[in-house]
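Thank you all for coming; I would like to take a few minutes to walk through one fold, element by element. Please have the sequence and the structure open in front of you as I speak.

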Amino acid sequence: IAAKGSGTACDKLTPLGADALARLRREYPDAPAGYLDFLAHVGFGAIGDDSFMLYGGLLAPSELYGQTPPALQAVRLLGDDFAGYACGFDTANGWRIVEIDPTSHQPTEVARDFGAFIRLRIAAAA
C-alpha cells in the first residue's frame with residue numbers, strides 16, 4: 001500500500017468500492033481475507049504494463065469460457081494474463097490458487113494462498 005503511486009507495478013490498480021466489496025463478502029463468505037483486503041486497499045486492474053489483470057471480483061468459469069468445464073466446477077476466477085491463461089481460487093481445496101490451461105481447461109496449482117500468488121505477479125511485472 002505504501003509503495004503505490006511511486007512507480008510500482010500496482011500504480012494502475014483501483015481500490016474496490018465498499019458496496020462491491022460488501023457484495024463480494026456476502027457472495028463468498030469464505031473468501032480469503034488477504035484477497036479481500038488487497039482489493040479494498042490496493043485494488044484491481046492491470047498489474048504493471050498489462051502483465052496480469054486482477055478482476056474486481058470473482059467470476060464463474062462460464063463467464064470467461066461460455067460454459068463451466070467439469071474440472072472447474074469449484075473454481076472462481078480472479079484474473080488472467082492477457083494471453084489466455086486465467087487464474088482462480090479452487091474453493092473446494094482450501095482456496096488454493098490455480099492456473100487454467102486455455103485449451104484443456106485443466107487447473108494446476110500455482111500458489112497455496114493469495115499473498116504468495118500476488119507477490120509473484122507483482123515481482124514479475126516489475
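In which loop is D50 found? D50 sits in the loop between β1 and β2, where helices (H or I, at least four residues) and strands (E, at least two) are DSSP runs numbered from the N terminus. Before I go on, I should say that this is a predicted model, in which local features need pLDDT of at least 70 and side-chain atom pairs count only at pLDDT 80 or more, while totals for chains, interfaces and linings use all residues. Residues are numbered from 1 along each chain as its sequence is written, and side-chain values use heavy atoms, with hydrogens and water left out.

Back to D50, then: its phi is near 60 degrees, a positive value in a residue other than glycine. At 42% relative accessibility, D50 counts as partly exposed, given that buried means under 20% relative accessible area, exposed means over 50% and partly exposed is in between, with a 1.4 Å probe and protein chains only. H105 also has a positive phi, of about 60 degrees, although it is not a glycine, and its place is in the loop between β5 and β6. H105, however, is buried, with a relative accessible area of 16%.

Let me turn to the sheet. Six strands form an open sheet in the order β1-β2-β3-β4-β5-β6, with antiparallel pairing; two strands are said to pair if DSSP finds at least two bridges between them. At the edges stand β1 (45-47) and β6 (107-111), each with a single partner strand, so one side of each has no neighbour in the sheet. On average, and ignoring direction, neighbouring strands of this sheet are turned by 35 degrees against each other.

We can follow the bridges across part of that sheet. Strand β3 (residues 75-80) pairs with strand β4 (residues 86-90) in the antiparallel sense over five bridges, and D80 has A86 in β4 as its bridge partner. The antiparallel strands β4 and β5 are joined by five bridges, with A86 standing opposite I100 in β5. From I100 the path continues to its bridge partner P107 in β6, and here four bridges join β5 to β6, which again run antiparallel. The hairpin of β4 and β5 has five residues between the strands, and in it G94 takes a positive phi near 70 degrees. As for β5 itself (residues 96-100), four of its five residues are buried, so this strand is largely enclosed by the rest of the structure.

Now the helices. How do α1 and α2 lie relative to each other? Their axes come within 10 Å and cross at roughly 170 degrees, where axes are lines fitted to C-alpha atoms, for helices over the stretch in contact, and angles run from 0 to 180 degrees between N-to-C directions. That makes α1 roughly antiparallel to α2, on a scale where angles under 35 degrees count as roughly parallel, over 145 as roughly antiparallel, 65 to 115 as roughly perpendicular and the rest as oblique. In this contact (heavy atoms within 4.5 Å), L21, L24 and R25 of α1 meet Y35, L36, D37, L39 and A40 of α2.

Helix α2 (residues 33-41) also packs against helix α4 (residues 114-125), at an angle of about 45 degrees and with the axes 8 Å apart; these two are therefore oblique to each other. Here G34, Y35 and F38 in α2 meet F114, I118 and I122 in α4. In addition, α2 lies across β2 (52-59), β3 and β4, running at about 115 degrees to β2.

Finally, the interior. The largest nonpolar core, that is, a set of buried Ala, Val, Leu, Ile, Met, Phe, Trp, Tyr and Cys residues joined through side-chain atoms within 4.5 Å, has 27 residues, and those with the most contacts inside it are Y35 and L78. The elements giving two or more residues to this core are α1 (18-27), α2, β2, β4 and α4. Not counting residues up to four places away in sequence, Y35 touches L24, Y55, G57, L58, L78, F89 and F114. A second, separate core of eight residues includes Y55, L77, V98 and I100.
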